[in-house]
Amino acid sequence: MSSYVTRKTPGDTDWFVHDRFGMFIHFGLYSMPARHEWIKSMEKIPDEKYDLYFKHFNPDLLDAKDWARQAKAAGMKYAVLTTKHHEGFCLFDTKYTDYNVMNTPYGKDIVREYVDAFRAEGLKIGFYYSLLDWHHPDYTLDHCHPRRDDEGWEKYDEGRDMHRYAKYMRDQITELLTNYGKIDILWFDFSWEGEPEFERTHPGIRGGKGKDDWEAEELVALARKLQPGIMIDNRTGLEQDIYTPEQYQMQEWVKHPETGELVNWEACQTFSGSWGYFRDEMSWKTPEMLINMLVRTVSLGGNLLMNVGPTSRGYFDHRAEKALSVYADWMRVNGRSIYGCTMAEPEFKVPNGCFATQSADGKRLYVHLVEYPYAFLELRGFAGKVEYAQFLHDGSEILFTEGKSEHISMGRTEATDLLVLTIPQICPDVITPVIELILK
Ligand code: GLC
């Protein structure tokens, strides 16, 4: 059994740390301008201009069943959909604001379609819910707000009451956790410190917002009352079930900032830079990056939540489909090195250029050959511990010797703990080949 113990938290995380891989879906009015989900803030788009997107929102080609099929084929075991992003537009039938999908030309509850389709494919269901809301009449100014530099910004907050907004969030969370069956993850986003420069130029306005603004204790307690086993992230500013590093590659298992305990964590990443559909973005990750991000994350005991931003017509564009097919091809034959796996035990150190994962029951170790080592791989500390070795993708045997290896013109390496795998000179036609070691 794995020797790694993570900090206990209230939510049901057992399925999560087994399944490892999920789909993030960022969809909303911002999919129409198609140049980042923060576009309203980045370009300080006036509300009346932005409302054109609300007026014309009609993802007529949306087929949530197709989204679910692609997620499942890619090997993703859960999904998290933006039910409301910072723009404040709700993808669900809510009675607490008219700024929702039922009042657009599309006129159907997208959250309902998502839940039904992904549940039918056996995927666990997650809801992303933005704590920021650039549309709500009680949400106050801060340094992310699109209205932060408008003429008369000084008076923007007059009549606004964040307590009323916090109640609005509790009412909507009640709808989301009552009307759509069992929800497995609630993914709040996000809390942040203000920027001194903003607060210097905007006297009297706090730049950031955090747990007290959200009345987070009450919000989290409500969610847990409505869905007792639900997993909740840490972005209300309250530590909950998972830590959520974003858009960068961790180099170690995430630890609790105070106690140093290992925690359950999930890295969220994008195929390109933007979370929402971004037509002209050219920073799409290569197939090798996509696979190695997943492998590296699981080799450090984490989950990967990989994002898709559907077009405003409702489908995944060809670049997203191609990226998902990269995962589908790789996971079809190598998923065993991801599901139910975690960081390898400390005794199993693999050379640079390799990432190791180990099955939670300790019986199988997976060596991911990110840099293909040509002809052989020396593993110190493995001698006497491996019963059988094979490439995972095609199940072909990998022969090995123990105790010494012959280095032409370099003499030999001799070590009692040495195990040497003999592998083909030519890298197999698979991204990051995986060697499965069945341990004694
Ligand atoms: C950041 C971005 C937000 C995105 C989130 C995903 O908070 O601001 O747009 O939804 O990351 O983790």
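These legends go with close-up views of a predicted model.

**View 1. Who sits around the ligand in this predicted model.** Have a look at the residues surrounding the ligand: there are 14 of them. The ones that come nearest are His 26, Glu 37, Trp 38, His 85 and Glu 246. Sorted by class, this shell is made up of 7 nonpolar, 3 polar and 4 charged residues.

**View 2. Polar contacts to oxygen atoms of the ligand.** Start with His 26: an N or O atom in its side chain is 2.6 Å from an oxygen atom of the ligand. Move on to Glu 37, where a side-chain N or O atom is 2.7 Å from a ligand oxygen. Trp 38 also has a side-chain N or O atom 2.7 Å from an oxygen atom of the ligand. As for cover, on its own the ligand has 310 Å² of accessible area, and the protein covers 93% of that.

**View 3. The largest pocket and its lining.** Here you're looking at about 410 Å³ of space. A set of 20 residues lines this pocket, and Ser 2, Tyr 4, Thr 6, Val 17 and Asn 264 lie nearest its centre. Two or more lining residues come from each of helix H1 (14–19) and strand E8 (341–343).

**View 4. What the pocket lining is made of.** Which element gives the largest share of the lining of the largest pocket? That's H1, with 3 residues. By class, the lining divides into 9 polar, 7 nonpolar and 4 charged residues.

Terms used:
Residues are numbered from 1 along each chain as its sequence is written. This is a predicted model: local features need pLDDT of at least 70, side-chain atom pairs count only at pLDDT 80 or more; totals for chains, interfaces and linings use all residues. Side-chain values use heavy atoms; hydrogens and water are left out. A residue is near a molecule or strand if one of its heavy atoms lies within 4 Å of it. A polar contact is a pair of N or O atoms within 3.5 Å; within protein, one must be able to donate a hydrogen and the other to accept it, and residues adjacent in sequence count only if both atoms are side-chain atoms. Accessible areas come from the Shrake-Rupley method with a 1.4 Å probe; for residues, only the protein chains shown count as cover. Ala, Val, Leu, Ile, Met, Phe, Trp, Tyr, Cys and Pro count as nonpolar, Asp, Glu, Lys and Arg as charged, and the others, Gly among them, as polar. On a 1 Å grid over the protein atoms alone, a cavity is a set of points where a 1.4 Å probe fits but cannot get out, and a pocket is an open set with protein on both sides within 12 Å along at least five of seven lines; lining residues have an atom within 4 Å of a point. Grid points are joined across faces, edges and corners, and a volume is the space filled by probe spheres set on the points. Helices (H or I, at least four residues) and strands (E, at least two) are DSSP runs, numbered from the N terminus.
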